[in-house]
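Welcome! Here is a short tour for anyone meeting this structure for the first time. Please take a look at the sequence and the 3D view before reading on.

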Amino acid sequence: MSYDPPRPAGRLLLTPEDKEAPARTLRLRRLGLGERPEPLLDAFAYGLSELTGAAYAMVNFLGEEGQFFAGLHAPAVAPVVRGDGTGALLGRTLPRDHGFCPHVVARRKALALGDVSDYPRFAGNPVVDEFGVRSYLGAPLIDSTGMVLGTVSVSDIQPRAWGQAGLTAIKEQAADLVVRLDRGESDRPVW
């Protein structure tokens with residue numbers, strides 16, 4: 001897979017193709033996930049934020065139409081105020097071309113971006129301007145069938161040196177959560 005496909009006008013990065021999206025959507029429905037906020041996943045996201053000190057933390061499930069944050073921790077007020085006095089608050093959904101989680105899903109590997117402005121392919125992502133995201137750390141949720149369900153991730157409005165410790169921590173959190181999700185396959189997830 002190439003991360004440098006032909007670029008549409010005005011965009012530096014094209015979101016990777018997601019051929020598993022239809023199968024993932026069915027799997028998420030069987031697990032009862034990805035269609036509504038889950039208070040226990042919100043608590044999990046809060047724990048990720050506490051662990052890393054990041055402004056945003058998410059448990060993100062990717063479907064055919066976009067991304068859904070079934071678990072979300074975000075600032076109560078917009079951390080970035082634009083020149084016109086407005087700010088953006090992160091909601092539960094994002095298009096597929098927003099953020100870095102679709103890249104984690106396509107790569108099937110964790111991703112650490114200490115300062116997104118250091119990575120031309122990521123610096124032009126809409127979340128940089130809309131939410132002030134400057135750093136990102138995420139890992140895929142790969143279940144027992146080998147399906148990538150989504151991601152656990154954190155992002156911040158400041159550059160962060162995540163380092164090996166950060167990568168290890170986010171991978172461990174993803175592995176822990178996917179075991180819990182798999183255990184709940186027959187009913188609801190068991191946290």
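## Before we start

Two strands count as paired if DSSP finds at least two bridges between them. Please keep in mind that this is a predicted model.

## The sheet

In strand 3, the residue bridged to F68 is T93. Strand 2, residues 67–73, and strand 3 run antiparallel and are joined by 2 bridges.

Now step back to the whole sheet. It is an open sheet of 6 strands, paired antiparallel, in the order 3-2-1-6-5-4. At its edges lie strand 3 (93–94) and strand 4 (111–113), each pairing on one side only.

## Helices on the sheet

Helix 1, made of residues 21–31, packs on the sheet and touches strand 1 (56–62) and strand 6 (148–156). The direction of helix 1 makes about 90 degrees with that of strand 6.

Helix 6 (residues 163–183) also packs on the sheet, where it touches strand 1, strand 4, strand 5 (135–142) and strand 6. Its direction makes about 35 degrees with that of strand 5.

## The largest pocket

What is the volume of the largest pocket? It comes to about 190 Å³. The pocket is lined by 14 residues, and those closest to its centre are T25, G34, E35, G63 and F68. F68 is the residue we met earlier as the bridge partner of T93.

Helix 1, strand 1 and strand 2 each give two or more residues to the lining. The largest share, 3 residues, comes from helix 1. By type, the lining divides into 5 nonpolar, 6 polar and 3 charged residues.

Key: Residues numbered from 1 in each chain as written. Predicted model: local features only at pLDDT ≥ 70, side-chain atom pairs only at ≥ 80, totals over all residues. Heavy atoms only, no water. Helix = DSSP H or I, 4+ residues; strand = E, 2+ residues; numbered from the N terminus. Contact = heavy atoms within 4.5 Å. Axes fitted to C-alpha atoms, helices over the stretch in contact; angles between N-to-C directions. 1 Å grid on protein atoms, 1.4 Å probe; cavity = no way out; pocket = protein on both sides within 12 Å on 5 of 7 lines; lining within 4 Å. Points joined across faces, edges and corners; volume = space filled by probe spheres on them. Nonpolar A, V, L, I, M, F, W, Y, C, P; charged D, E, K, R; others polar.
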